[in-house]
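Trainee: I am new to this structure and would like to understand how each label is justified. Could we go through the reasoning step by step?

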Amino acid sequence: MVKEIKIASIKDGTVLDHLNTSMVFKIVQLLNLDKTNNGISCATNLESTKLGTKGIIKVSDKFLTREEVEMISIISPAATLVIIQDYAIQSKRKLDLPETIRKIIKCSNPKCITNMESVTTQFDVLEKKPLLIKCVYCEHIIENNQIHIFGE
């Protein structure tokens, strides 16, 4: 007999599925879920037919902002966002990188105006795989491994 671990359903809230297993706890930290009183379930290294292994986070009574969803699409591009209301799926979609990323990423050019004044960062996505972005203010190009998300 195969034993299986199940994660409880949530009445209302958000489910992030198909997360990169190495990013689950980083997402928990970036969404400040470690500081909330909402019910949270998270698991990592679960078997996945698509990815081999995956992570999942369920958060009761929390619905993500556009910036939070974009942040997750940057650090775990295969993720699926599921909105639950009254124990039923209200919407389910694969995350996709936007054409423009605002507020989430810090420009790595120390001379960029966004690092000297109170200016909201903004990047154009040049390539999605591997991620390559360009700051709209200083035109500095940043590769995936150089990206610093605010709050890290």
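Mentor: Let us begin with a cysteine, keeping in mind that this is a predicted model. C42 has a relative accessibility of 35%, and because partly exposed covers the range between under 20% for buried and over 50% for exposed, C42 counts as partly exposed.

Trainee: What makes C112 count as buried or exposed?

Mentor: The relative accessibility of C112 is 1%, and since buried means under 20%, C112 counts as buried.

Trainee: How do you know that C112 is not bonded to the closest cysteine sulfur?

Mentor: That closest sulfur belongs to C135 and lies 3.7 Å from the sulfur of C112, whereas a disulfide needs two cysteine sulfur atoms within 2.5 Å, so the pair is too far apart for a bond. A search of the whole structure likewise finds zero disulfides.

Trainee: Why are β8 and β9 called paired strands?

Mentor: Pairing requires at least two bridges, and five bridges join β8, residues 122-128, to β9, residues 131-135, so the two strands, which run antiparallel, meet the requirement. In one of these, K128 has L131 of β9 as its bridge partner.

Trainee: What makes β6 and β10 edge strands?

Mentor: The open sheet has four strands in the order β6-β8-β9-β10, with antiparallel pairing. Because β6 (100-102) and β10 (141-143) each have a single partner strand, one side of each is left without a neighbour in the sheet. Neighbouring strands of this sheet are turned by 30 degrees against each other on average, direction ignored.

Trainee: Which helix lies across β6 and β9?

Mentor: Helix α2, residues 66-75, lies across them and runs at about 120 degrees to β6.

Notes. Residues numbered from 1 in each chain as written. Predicted model: local features only at pLDDT ≥ 70, side-chain atom pairs only at ≥ 80, totals over all residues. Heavy atoms only, no water. Axes fitted to C-alpha atoms, helices over the stretch in contact; angles between N-to-C directions. Contact = heavy atoms within 4.5 Å. Buried < 20%, exposed > 50% of the residue type's maximum accessible area, 1.4 Å probe, protein only.
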